[in-house]
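Hello,

Here is the structure I promised to send over. Have a look at it first, and then read on for my notes.

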Amino acid sequence: MKYCTTCGKELADNAVSCPNCGYVFSGGSVVGVNDKPSFGIALLGFLFPLIGLILYVVWKPTTPLRAKSAGKGALTAIIMGIILGILSGIISALGAGYYGY
Ligand SMILES: [Zn+2]
């Protein structure tokens, strides 16, 4: 177990950046990891929510910021899907009310 040098949060031994404050440790076990929020990854998660969620889980320990982008995209797609589902339900219910006689 190690601790973040800037905020003191408890971290996994293989963590290369702090999920709490985003500090990236130099000399981490993974070299050259580019951990930053990515619109492209968020878009990928949005278009393929399942892939976004998988990437979120896989990337979270090593690249939490990139993982968050994938998770956000997937979550947005899921929430929009639910809203659209409810809306189409309401619309069809209204339609049934108008034309159901
Ligand atoms: Zn920290």
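Of the 101 residues of the chain, 22% count as buried. Please keep in mind that this is a predicted model. The chain holds 3 helices and 2 strands, and from the N terminus on these run β-β-α-α-α. As for how the chain folds back on itself, I looked at contacts between residues at least 6 apart in sequence: 44% of them join residues at least 24 apart.

Let me start with the helices.

Helix H1 spans residues 39–47, and Ile41, Ala42 and Gly45 are buried in it. Looking down the axis of H1, you will find these buried residues within an arc of 100°, so they line one face of the helix. The face of H1 turned away from that buried side carries Phe39, Gly40 and Leu47, which are exposed. A reminder that may help when you turn the model around: an α-helix has 3.6 residues a turn, so residues three or four places apart point the same way.

H2 can be read in a similar manner. Its buried residues are Pro49, Gly52, Leu55, Tyr56 and Trp59. They cover an arc of only 120° around the axis, which puts them on the same side of H2. On the other side of H2 you will see Leu50, Val57 and Val58, and these are exposed.

Which residues make up the largest nonpolar core? There are 9 in all: Ile41, Ala42, Leu55, Tyr56, Trp59, Ala67, Ala70, Ala74 and Ala77. The elements that give two or more residues to this core are H1, helix H2 (49–59) and helix H3 (64–99). H3 provides the largest share of the core, with 4 residues. As general background, nonpolar side chains tend to be buried together in soluble globular proteins.

Two residues are good places to zoom in here. The first is Tyr56, a member of that core. Leaving aside its neighbours within four places in sequence, Tyr56 is in contact with Ala67, Ala70, Gly71 and Ala74.

The second is Gly71, whose place is in helix H3. Is Gly71 buried or exposed? Gly71 counts as buried, because 22 C-beta neighbours lie inside 10 Å. Not counting residues up to four places away in sequence, Gly71 touches Gly45, Gly52, Leu53 and Tyr56. Of these, Gly45 is one of the buried residues of H1, while Gly52 and Tyr56 are among the buried residues of H2. Gly71 and Phe46 are 25 residues apart along the chain, and their C-alpha atoms are separated by 8.7 Å.

Now for the loop between strand S2 (10–11) and H1, where Cys21 is found. I picked out three residues from this stretch.

- Cys21 is exposed, with 12 other C-beta atoms within 10 Å. Residues up to four places away in sequence aside, Cys21 touches Cys4, Thr6 and Cys7. From Cys21 to Cys4 the C-alpha to C-alpha distance is 8.7 Å, and the two are 17 residues apart in sequence.
- Asn20 is also found in the loop between S2 and H1. Asn20 counts as partly exposed, with 14 C-beta neighbours inside 10 Å. Leaving aside neighbours within four places in sequence, Asn20 is in contact with Cys4, Cys7 and Lys9. Asn20 and Gly8 lie 12 residues apart along the chain, and 9.3 Å separates their C-alpha atoms.
- Ala15 lies in the loop between S2 and H1 as well. Ala15 is buried, with 21 other C-beta atoms within 10 Å. Ala15 and Lys2 are 13 residues apart in sequence, with 8.8 Å between them in space, C-alpha to C-alpha.

If you only have a few minutes, I would suggest viewing H1 down its axis, where the buried residues line one face, and then moving on to Gly71, which touches Gly45, Gly52, Leu53 and Tyr56 when residues up to four places away in sequence are not counted.

Happy to go through any of this with you.

Best wishes

Methods
Residues numbered from 1 in each chain as written. Predicted model: local features only at pLDDT ≥ 70, side-chain atom pairs only at ≥ 80, totals over all residues. Buried ≥ 20, exposed ≤ 12 C-beta atoms within 10 Å, placed from the backbone. Contact = placed C-beta atoms within 7 Å. Arc of directions from axis to C-beta. Core = buried A, V, L, I, M, F, W, Y, C linked by C-beta atoms within 7 Å.
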